[in-house]
Amino acid sequence: MQASFGQRLRTPAGSRGSMQPRQAFRNSRVVRVNASANGNGADTAEPAPSIYDGPTKPSAAETARTIAALCSEAIVSTINAGGRPIGSPVTWALDKAGGAFIKLTQMEIANLGKNPLCSVLLQPTAYPARAVASVTLSGKVDVSQSDGDMYKLDIESCQYLGGLDQSAQQEEVSSEEFLAAEPDTI
């Protein structure tokens, strides 16, 4: 059997092509490959039983919630006094219920006091999560209510960009789907 680039099988170092069954991972399913008994290279491949009954890839809402849970820093974009958007780095927190909290500076508080609309860009800084996805949450911040220097973002929409296969998938996720999704324990 000739394996394609994505299916190459490796034997343990020093095993000199052991005839023991090996496992290859393809499309999140385990495939057991057995060498032929007569050694002519006509290997057989048969699917092993799967432990998954449903989809193996998390939904966009679940991935967006996972990315949000992983991040502690973000970029908040507000509208300044001149009517132009401005992005600023901020500290970010997400509670277990999906409540979004942003630590704001005086400039952001002033901007949000005039126009409460903002967006928050979340992208993990550590690889491989950075290659997985980014999330933009849009909503409103009421600067008259705070918990110390943290202000709550009332999420109105979520834009998910990315994919577990890094396919540049872009999908709008409703705030209800985002808040109801469970983050993946990575």
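The paragraphs below lead through a predicted model, from its overall fold to its core, one residue of that core region, and a pocket. Because the model is predicted, local features need pLDDT of at least 70 and side-chain atom pairs count only at pLDDT 80 or more, while totals for chains, interfaces and linings use all residues. Residues are numbered from 1 along each chain as its sequence is written, and side-chain values use heavy atoms, with hydrogens and water left out.

The chain contains four helices and ten strands, where helices (H or I, at least four residues) and strands (E, at least two) are DSSP runs numbered from the N terminus. Along the sequence these elements follow the pattern β-β-β-α-β-β-β-α-β-α-β-β-β-α. Of the contacts in the chain with a separation of 6 or more, 47% are made by residues 24 or more positions apart, a contact being heavy atoms within 4.5 Å. The accessible surface, computed by the Shrake-Rupley method with a 1.4 Å probe, comes to about 11,900 Å², and 51% of that surface belongs to carbon and sulfur atoms. Of the 186 residues, 28% count as buried, that is, under 20% relative accessible area, with exposed set at over 50% and partly exposed in between (1.4 Å probe, protein chains only).

The largest nonpolar core has 30 residues; such a core is a set of buried Ala, Val, Leu, Ile, Met, Phe, Trp, Tyr and Cys residues joined through side-chain atoms within 4.5 Å. Trp92, Ile102, Leu122, Leu137 and Leu153 touch the most other members, and at least two residues each come from α1 (60-70), β4 (73-79), β5 (85-94), β6 (100-103), α2 (106-114), β7 (117-122), β8 (133-141) and β9 (150-162). Leaving aside residues up to four places away in sequence, the partners of Leu137 include Trp92, Leu122, Leu153 and Phe178.

Methionine 150 belongs to strand β9, and it counts as buried because its relative accessibility is 18%. Beyond residues up to four places away in sequence, methionine 150 touches Ala93, Phe101, Ile102 and Lys103. Its C-alpha lies 8.9 Å from that of threonine 91, although the two are 59 residues apart in sequence.

The second largest pocket holds about 160 Å³ of space, and β4, β5 and β7 are the elements that give two or more residues to its lining. Eleven residues line this pocket, with Glu73, Ala74, Ile75, Gln123 and Thr125 nearest its centre. A pocket here is an open set of points on a 1 Å grid over the protein atoms alone, where a 1.4 Å probe fits, with protein on both sides within 12 Å along at least five of seven lines, and lining residues have an atom within 4 Å of a point; the volume is the space filled by probe spheres set on the points.
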